[in-house]
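Please look over the sequence and the fold before reading on. The paragraphs below are meant to be read alongside them, one feature at a time.

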Amino acid sequence: HSFPTRRSSDLAAEIQVITSGAFAEALKDLAPQYEKQSPNKVIISYGSSMGAAPDSIPSRLAKGEKFDVLILAAPALDGFIKSGVVQSGTRVDLVASVMGAVVKAGASKPDISTMGGLKSALLNAKSVAYSASASGVYLSTELFPKMGISEQMNKTARKIYSERVASVVARGDADLGFQQVSELLPIPGVDFIGELPPEAQRTVLFSAGITNDVTNTDASKDLISFLASSKAAPTIQKAGLKPVLPTVPW
């Protein structure tokens, strides 16, 4: 009685994925959905897209940690493609992430739906927290200067490293916190006050790519195809992100 030989791609693979914060909550919910319809297991690690914090994605890769799939802000992923860490031709844009703000649960909610409202909310806050990653870099180097409030923000606003901005606000260590909406929503103890107005908004694409030292290419492609599919879209929307639904290149 001979068994049919199994191709290696049919065997269950462990897919090591590292994601930056914006996609973290969505991936936590999507991984079990993927595992239901595939023999593969998804092992998730978390790190920020950029910066030199010990748990950031660049630091972990530099230390020689091995991952199959990276999911992070598209500009940061492109950097890894240029440096040869991620295979070219494997970038798949999964979601568009927009920025929003939170206050401590129960605190009065400023209206930030207009530029004027956003400006007064920023100027009236005794302390403002923003992320050390892509969204925070944009706020401090582009938006605050454009709004003419850099000088005051230098006094009241601070960058948060290796922690969610909303956790800082929930503790009462900042009046107002800004980050990608998908990173604000899962944190208890805060009230979401809205997305930034269109003129202030910076939409960041978050993309997946397959590393050059991938263990199982087929499994990694299969996972990315699932994350990019319409099956994943409702979970992505619930997480505060906008699905891109791209055509996958394989």
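What follows goes through the pockets, the salt bridges, the aromatic pairs and two of the helices.

This is a predicted model, in which local features need pLDDT of at least 70 and side-chain atom pairs count only at pLDDT 80 or more, while totals for chains, interfaces and linings use all residues. Residues are numbered from 1 along each chain as its sequence is written, and side-chain values use heavy atoms, with hydrogens and water left out.

The pockets make a convenient starting point. They come from a 1 Å grid over the protein atoms alone, on which a pocket is an open set of points where a 1.4 Å probe fits, with protein on both sides within 12 Å along at least five of seven lines, and a lining residue has an atom within 4 Å of a point. A volume is the space filled by probe spheres set on the points, which are joined across faces, edges and corners. The largest pocket holds about 510 Å³ of space, and 30 residues line it, with Gly21, Gly47, Ser48, Ser162 and Glu183 lying nearest its centre. Two or more lining residues come from each of helix 1, helix 5 and strand 8 (176-180), where helices (H or I, at least four residues) and strands (E, at least two) are DSSP runs numbered from the N terminus. Helix 1 gives the most to this lining, with five residues. By character, the lining of the largest pocket divides into twelve nonpolar, twelve polar and six charged residues; here Ala, Val, Leu, Ile, Met, Phe, Trp, Tyr, Cys and Pro count as nonpolar, Asp, Glu, Lys and Arg as charged, and the others, Gly among them, as polar.

The second largest pocket contains about 190 Å³ of space. Helix 4 (residues 115-124) gives the most to its lining, with three residues, and the lining as a whole divides into six nonpolar, three polar and two charged residues. Among the lining residues are Val103, Pro110, Asn124, Lys126 and Asp175.

Charged side chains can now be followed across the fold. Side chains of opposite charge can pair when their charged atoms come close. A search of the whole structure finds eleven salt bridges, each being a side-chain nitrogen of Lys or Arg within 4 Å of a carboxyl oxygen of Asp or Glu. Glutamate 183, already named beside the centre of the largest pocket, meets arginine 164 in one of them, at 3.6 Å from N to O. Because arginine 164 lies in the loop between strand 7 (157-160) and helix 7 (165-170) and glutamate 183 in helix 8 (residues 181-184), this pair ties together parts that are 19 residues apart in sequence. Glutamate 183 is buried, with a relative accessible area of 7%, where buried means under 20% relative accessible area, exposed over 50%, and partly exposed in between (1.4 Å probe, protein chains only).

A second salt bridge joins glutamate 142 and arginine 202, whose closest N and O atoms are 2.8 Å apart. It links distant parts of the chain, with glutamate 142 in helix 5 (residues 134-147) and arginine 202 in the loop between strand 9 (190-195) and strand 10 (204-210), 60 residues apart. Glutamate 142 is partly exposed at 37% relative accessible area, and arginine 202 is also partly exposed, at 32%.

Within helix 1 (residues 21-36), lysine 28 and glutamate 25 are three residues apart and so are separated by about one helical turn. They form a salt bridge with the closest N and O atoms 3.4 Å apart.

Helix 1 also takes part in an aromatic pair. Two such pairs are counted, with rings of Phe, Tyr and Trp (its six-membered ring) pairing if their centres lie within 6.5 Å, and planes under 30 degrees apart counting as stacked, over 60 as edge-to-face and the rest as tilted. Tyrosine 34 and phenylalanine 226 form a tilted pair, 5.6 Å centre to centre with 50 degrees between the planes. Since tyrosine 34 lies in helix 1 and phenylalanine 226 in helix 9 (residues 217-227), the pair ties together parts that are 192 residues apart in sequence. Both tyrosine 34 and phenylalanine 226 are buried.

Helix 3 (residues 74-82) completes the tour, with Ala74, Ala76, Leu77 and Phe80 as its buried residues. Seen down the axis of helix 3, these fall within an arc of 160 degrees, so they line one face of the helix; the arc is that of the directions from the helix axis to the C-beta atoms. The face of helix 3 turned away from its buried side carries the exposed residues Pro75 and Lys82.
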